[in-house]
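Biologist: I should like to discuss the interior and the surface of this model. Please begin with the terms.

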Amino acid sequence: MAASVKESAAGVWRAFASRDPETIRAVLTEDATWISPERNATQVALGLAGDMLESRDGIVGFLVDHFRRLFPQGVQLEFTKVVAEGDTVVFEQRMRASTINGRDYDNRYCWIFEMDGTRVRRIREYMDTYGGYRMIFGDEAPRSLIN
């Protein structure tokens with residue numbers, strides 16, 4: 001069972017990478033939520049409300065419309081560890097990119113996916129929030145970078 005839940009969770013990442021709204025919607029349950037650190041650097045830089053990721057439509061909108069505005073050249077994801085037990089899959093990941101303001105972004109993440117069959121119902125995101133602010137804003141005051 002762990003191998004199939006891992007493969008299903010990997011399918012979620014492939015769907016996210018597609019940036020296709022219907023492909024992404026298909027891997028999320030109707031009540032899907034994404035929990036991330038409040039007022040993290042990505043959220044602040046994009047000028048997004050904290051509750052945006054509390055719905056499937058919000059998650060789709062974030063991935064399709066907003067994320068690429070902060071990282072217009074795309075991102076490189078390196079998965080360093082994947083562990084599954086029951087319906088839960090944990091990913092350790094390194095994400096590298098260039099931001100819209102030309103800064104290098106290189107952060108480590110821990111993702112916890114709670115799966116419902118082949119779809120994800122809850123995503124919990126953990127990262128170095130202090131480092132994220134330094135990489136996106138440097139010594140500048142945190143603010144929306146997107147007009």
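Modeller: Buried means under 20% relative accessible area, exposed means over 50%, and partly exposed lies in between (1.4 Å probe, protein chains only). This is a predicted model, in which local features need pLDDT of at least 70, side-chain atom pairs count only at pLDDT 80 or more, and totals for chains, interfaces and linings use all residues. Residues are numbered from 1 along each chain as its sequence is written, and side-chain values use heavy atoms, with hydrogens and water left out.

Biologist: Is phenylalanine 67 buried or exposed?

Modeller: The relative accessible area of phenylalanine 67 is 12%. Because of this value, phenylalanine 67 counts as buried.

Biologist: With which residue does phenylalanine 67 form an edge-to-face aromatic pair?

Modeller: Rings of Phe, Tyr and Trp (its six-membered ring) pair if their centres lie within 6.5 Å; planes under 30 degrees apart count as stacked, over 60 as edge-to-face and the rest as tilted. Here the centres are 5.7 Å apart, with 65 degrees between the planes. The partner has 8% relative accessibility and therefore counts as buried. It is phenylalanine 62.

Biologist: Which helix gives the most residues to the largest nonpolar core?

Modeller: A nonpolar core is a set of buried Ala, Val, Leu, Ile, Met, Phe, Trp, Tyr and Cys residues joined through side-chain atoms within 4.5 Å. The largest one has 44 residues, and those with the most contacts inside it are Phe16, Leu28, Phe62 and Phe113. Elements supplying at least two residues each include helix H1 (2-18) and strand E4 (104-116), where helices (H or I, at least four residues) and strands (E, at least two) are DSSP runs numbered from the N terminus. With seven residues, the greatest contribution comes from H4.

Biologist: How many residues apart are tryptophan 13 and tryptophan 111?

Modeller: Both tryptophan 13 and tryptophan 111 are buried. Tryptophan 13 belongs to helix H1 and tryptophan 111 to strand E4, so that their pair links distant parts of the chain. Their separation in sequence is 98 residues.

Biologist: What is the C-alpha separation of histidine 66 and leucine 48?

Modeller: Histidine 66 lies in helix H4 and counts as buried because its relative accessibility is 18%. Leu48 is among the residues that histidine 66 touches, contact meaning heavy atoms within 4.5 Å. The two are 18 residues apart along the chain, and their C-alpha atoms are separated by 8.8 Å.

Biologist: Is valine 82 buried or partly exposed?

Modeller: Valine 82 is placed in strand E2 (residues 75-85). Because its relative accessibility is 31%, valine 82 counts as partly exposed.

Definitions and conventions:
Lists of a residue's contacts leave out its neighbours within four places in sequence.
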